[in-house]
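Colleague: I'm new to reading protein models and I'd love a guided tour. Could you take me through this one feature by feature?

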Amino acid sequence: MSAIRAVGLLSGGLDSALAARLLLDQGIEVVGLHLQSPTSCRSDVGEVARDLGIRLVVRPKGEEYLRLLRHPRCGYGRNMNPCVDCRVFMLHLGRPYLEEFDARFLFTGEVVGQRPMSQTRERMQLIERQSGLEGWILRPLSALVLPETEPERRGWVDRARLLGISGRTRTEQLALAERYGLRHYTAPGGGCLLTDPLFSRKLRDLFEHAPEERTSVDDVELLRLGRHFRFADGTKIVLGRNEAENRRLAAFENTERWLVVPEAFSAPSALVCGPRGEPALGRAIELIRRYAREPAPDLRVRWLEQGLLLARSLGEPAAIELPTAL
């Protein structure tokens, strides 16, 4: 008889890794599905999958995810986190992989009571109904405090070997991680930038200034980097906070975003999000000057315009009113 196969939503965090480990201990073949998101904290999910010895499939959440962020049916949490809608969305994305990988059911690392918006018993049942997978989502860490699922009823999973964890403490999970020798996982309590007030403020600003049809995943990804300054005419300038961010900002340059960089002196690069012209260039130069380690009038910045590399000196401090960072 072939092994039972299950698809698990693998975030890179501790709980989803433990959920997979519990099923592996029962002889179930696990496929880890990681849904890439511009709003998730970075984790080395590949290392987690290697620790577990499972196949990993990585797929993007895509542009549809941005529409969810703007228009959550069930609303936001304390910040810009549409947790209920996000769980439904991820389960919808995961459902086709059951057929693709000839798997019997989906599982997650959710724990009852851990997140107040989406991980109460009532909300979990609502999420299952809206995803069309009622009874087919197993939550191994909290199974004993939840109704029995189809995989348990059908004998594919031994309910007695699952857990009944609930609440926000991670004591039991950390002990299990030590027992299983799991090392590569995102620190408990992290995971989603949408719960962070600073990131949420940047996202709200983006949605207020960028039309929905012109907002891309790249626009949201950019919110992870640098200091963001929004000007009254709608132009935004992003300053790198260190050398690594300066290098990463270059990847976001396109027809609507252009980069002004310091020439051989210690200062941030400035990514201008908006039309080219003297007003935007003057603001970028002044921001670079103000955040430079040792600014001097003869130091120069450079930028590309119509394929030509142009340069200009910092000059003296300009009488430009600069907004505070978002």
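Colleague: Let's start inside, then. Which residues of the largest nonpolar core touch the most other members?

Modeller: Here's the general idea: in soluble globular proteins, nonpolar side chains tend to be buried together. In this model, which is predicted, the largest nonpolar core has 36 residues, and V7, L69 and L203 touch the most other members. Strand 1 (5-9), strand 2 (29-36), helix 3 (63-70), helix 4 and helix 8 (197-209) each supply at least two residues of that core. Helix 4 gives the most, with 9 residues.

Colleague: And what is L203 in contact with, leaving aside its neighbours within four places in sequence?

Modeller: L203 is in contact with L69, M80, L194, V220 and L223. Apart from this core lies another one, of 32 residues, and among them are L14, A20, F105 and L141.

Colleague: Back to helix 4. How do I read a helix, and which of its residues are buried?

Modeller: You can check the length of a helix against what's expected at 1.5 Å a residue. Helix 4 (residues 83-100) has 18 residues and reaches 27 Å from its first C-alpha to its last, close to the expected 26 Å. Its buried residues include C83, V84, D85, C86 and R87, and further along G94, Y97 and L98. Just after helix 4, D102 takes a positive phi of about 55 degrees.

Colleague: Now the sheet. In what order do the strands come?

Modeller: With a sheet, look for the order of the strands and the sense of their pairing. Here an open sheet of 5 strands runs 3-2-1-4-5, with parallel pairing. Strand 3 (55-60) and strand 5 (137-138) are the edge strands, each pairing on one side only. Strand 4 (residues 105-107) pairs with strand 5 in the parallel sense over 2 bridges, and F107 stands opposite L138 in strand 5.

Colleague: What about charged side chains? How many salt bridges are there in the whole structure?

Modeller: A search of the whole structure finds 24. Helices are a handy place to look: an α-helix has 3.6 residues a turn, so residues three or four places apart point the same way. R290 and E286 both lie in helix 11 (residues 278-291), 4 residues apart, about one turn of the helix. Their side chains meet in a salt bridge (2.7 Å, N to O).

Colleague: Are those two partners buried or exposed?

Modeller: E286 is buried, because its relative accessible area is 2%, while R290 counts as partly exposed because its value is 40%. Elsewhere, salt bridges that share partners join R87, E110, E128 and R139 into one network.

Colleague: Where else can I find a salt bridge, say one involving E221?

Modeller: The side chains of E221 and R224 meet in one (3.7 Å, N to O). E221 counts as buried because its relative accessibility is 15%, and R224 is buried because its value is 16%.

Colleague: Last stop: D219. Where is its place, and what does its side chain make a polar contact with?

Modeller: To place a residue, ask which element holds it, how buried it is and what it touches. D219 sits in helix 9 (residues 217-222) and counts as buried because its relative accessibility is 14%. Leaving aside neighbours within four places in sequence, D219 is in contact with L206, R214 and R257. The side chains of D219 and R257 make a polar contact (2.7 Å).

Terms used:
Residues are numbered from 1 along each chain as its sequence is written. This is a predicted model: local features need pLDDT of at least 70, side-chain atom pairs count only at pLDDT 80 or more; totals for chains, interfaces and linings use all residues. Side-chain values use heavy atoms; hydrogens and water are left out. Buried means under 20% relative accessible area, exposed over 50%, partly exposed in between (1.4 Å probe, protein chains only). Contact means heavy atoms within 4.5 Å. A polar contact is a pair of N or O atoms within 3.5 Å; within protein, one must be able to donate a hydrogen and the other to accept it, and residues adjacent in sequence count only if both atoms are side-chain atoms. A salt bridge is a side-chain nitrogen of Lys or Arg within 4 Å of a carboxyl oxygen of Asp or Glu. Two strands pair if DSSP finds at least two bridges between them. The expected span of a helix is 1.5 Å times one less than its number of residues. A nonpolar core is a set of buried Ala, Val, Leu, Ile, Met, Phe, Trp, Tyr and Cys residues joined through side-chain atoms within 4.5 Å.
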